[in-house]
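Please examine the model shown below. The paragraphs that follow lead through selected parts of it.

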Amino acid sequence: MAELTAVVHGAAEVATATGELGGDDPAGLRSDAAVAIVDGAVAAVGPTEEVTREYSPENAAYAVDASGRAVIPGYVDSHTHACFAGDRSDEFEAKLRGTTYGELLAGGGGIHRTVRATRAASDDELLGNLLDHLDVMVAHGTTTVEVKSGYGLDTETELRMLDAIDRADDRHPVDVVPTFMGAHAVPREADEPEGRYGEGDPVNADDYVERVVDEQIPAVVDQGVAEFCDVFCDEGAFTVEQSRRVLRAGAERGLTPKVHAEELAHRGGAKLAAEVGAASADHLLHATDEDVAALVDADVTPVLLPGTAFGLGADYADGRGMVDAGAPVAVATDFNPNCHSQSMGFASALACVEMGLTPAEALVACTRNGARALDRPDLGVVREGAPADLAVLDAPSHVHVPYSYGVNRVATVLKEGRPVVGPEWTGEASGDPGDGAERGGGGEPDV
Ligand code: NIG
Ligand code: FE
């Protein structure tokens, strides 16, 4: 029999995220609204009086009184590198003193440092670190997150990372979408076991690309975890030709392409994303109008990562220009040791203040369009039939998210209708919050 999982009622506002970017009502706002959830999916969204007449909160396993509050879709954070070991807070200080990201990388720091720490970490440590980050994410309203490998740069560690990502997905209420990113950096000879590569430092990038194509991709496909294949197509990383070779090899084996494009310099990654039909082109700080037009034509989602520009002290991607050009812009955290924020609320604030999006556009970019970048069009919206992943704010409107920069306004999170964060639901509580989940529960139901 169908279960009335939850009724969220009396909300000052439900932002359904179903409107058009650049239109009058991107957030698809409903005022004095309720959401009824049956078997974990949205069964009705509309005026509280109407919805509760059909779906009484008294009959729900969880009833959430959202009076005076806003309800938004759970965030879909479509770009992170959240599986890693080690600490690079000293590099944050070095960057403040003027050292560039490229200098750190070229000197064996940056990604290379995280590669050393990640290779040395145990499986349990990698999993535990990732679960800790997922706890922070869900507390900030994220209900689906993409996590990339790419701190292994050898087959064994890439597979270990993907295995940790897969286990975290099983163990945590947040859904984790796995991406293989063996082409995240060219490994340094100094970090490699003796004899793996010939003389010379750094390792020959073409040789490494062959290794990614011949060894890593087949092993990753056999493992069966990864869904996407990403490459760092940039200055100091991989050329367009090398990136194309990796993405085509991945696509031939069923891995959907994604591209880190035009982050540190303009190198042609955006056009490559369009050429190979990537799900997304990410960063785009140096993207041109022509690049954006190519992405729009090829239906590639541009994923903007304002936290990265913030941390690098770099110019931001032109989010406003992309929205005006008709691009389905997504915004994500890029959480990684170089951009240490798991907060989609903070990314929203930067998207508004630094990239010119409205709060409603930022909301859509962080929810529905994030889901688009992950080929999950059913997520990131509050609409009949969609999985009921919701965040209830301790504020009356979605505008309070960017308005309250630096402050977490997420009070309650429901994953498929079940509370996983927050103390304020009432009702029969047929299960524990986060039922079936081993991590992430935020409190006991108030019964
Ligand atoms: O998306 N740019 C490349 N990769 C990451 C940074 C990874 C790191 O510095 O550890 C990014 O910003
Ligand atoms: Fe990244």
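Phe84 has a relative accessibility of 4% and therefore counts as buried, a term that means under 20% relative accessible area, with exposed meaning over 50% and partly exposed in between (1.4 Å probe, protein chains only). The model is predicted, so local features need pLDDT of at least 70 and side-chain atom pairs count only at pLDDT 80 or more, whereas totals for chains, interfaces and linings use all residues. Residues are numbered from 1 along each chain as its sequence is written, chains are lettered from A and ligands numbered from 1 in the order in which they are written, and side-chain values use heavy atoms, with hydrogens and water left out.

The structure holds four aromatic pairs. In the pair formed by Phe84 and Tyr151, the ring centres are 6.3 Å apart and the planes stand at 75°, so the arrangement is edge-to-face. Here rings of Phe, Tyr and Trp (its six-membered ring) pair if their centres lie within 6.5 Å; planes under 30 degrees apart count as stacked, over 60 as edge-to-face and the rest as tilted. This pair links distant parts of the chain, 67 residues apart: Phe84 belongs to the loop between strand 6 (75-77) and helix 2 (89-96), and Tyr151 to the loop between strand 7 (142-148) and helix 6 (155-171). Helices (H or I, at least four residues) and strands (E, at least two) are DSSP runs, numbered from the N terminus. Tyr151 has a relative accessible area of 1% and is therefore buried. Ring pairs link Phe84, Tyr151 and Phe335 into a cluster.

Tyr151 also appears in a record: for "binding site", an unreviewed UniProt entry lists Tyr151 and Asn336. The two span 186 residues in sequence, yet their C-alpha atoms are no more than 10.6 Å apart, so they gather at one spot. Both Tyr151 and Asn336 belong to the lining of the largest cavity. UniProt positions are given in the numbering used here, feature names are shortened, and annotations may be inferred rather than shown by experiment. On a 1 Å grid over the protein atoms alone, a cavity is a set of points where a 1.4 Å probe fits but cannot get out, and lining residues have an atom within 4 Å of a point.

Asn336 is placed in the loop between strand 13 and helix 13, and its relative accessibility of 6% makes it count as buried. Leaving out residues up to four places away in sequence, Asn336 touches His81, Phe84 and Tyr151, where contact means heavy atoms within 4.5 Å.

Which protein atoms serve as donors of the iron ion (ligand 2)? They are His79 (NE2), His81 (NE2), His260 (NE2) and Asp334 (OD), at 2.0 to 2.8 Å from the ion. Donors are N, O and S atoms within 2.8 Å of the metal (3.2 Å for Na, K and Ca); water is not among the atoms, so sites may look incomplete. Along the chain, the donors of this iron ion follow the spacing H-x1-H-x178-H-x73-D. Distant parts of the chain are linked by His81, in the loop between strand 6 and helix 2, and Asp334, in the loop between strand 13 (330-331) and helix 13 (344-353), 253 residues apart. His81 counts as buried at 2% relative accessibility, and Asp334 is buried with a relative accessible area of 3%.

A "binding site" annotation in UniProt (unreviewed entry) covers His79, His81, His260 and Asp334. These residues span 256 residues in sequence, yet no two of their C-alpha atoms are more than 12.2 Å apart, so they gather at one spot. From this set, His81, His260 and Asp334 are included in the lining of the largest cavity. Beyond its neighbours up to four places away in sequence, His81 touches several residues, among them Tyr151, His184, Phe335 and Asn336.

Two backbone features remain to be described. Leu284 has a positive phi of about 65° although it is not a glycine; Leu284 lies in the loop between strand 11 (280-283) and helix 10 (289-297) and counts as buried at 1% relative accessibility. Glu416, which is not a glycine either, has a positive phi of about 45°. Glu416 is located in the loop between strand 15 (410-415) and strand 16 (418-421), and at 41% relative accessibility Glu416 counts as partly exposed.

Conventions:
1 Å grid on protein atoms, 1.4 Å probe; cavity = no way out; pocket = protein on both sides within 12 Å on 5 of 7 lines; lining within 4 Å.
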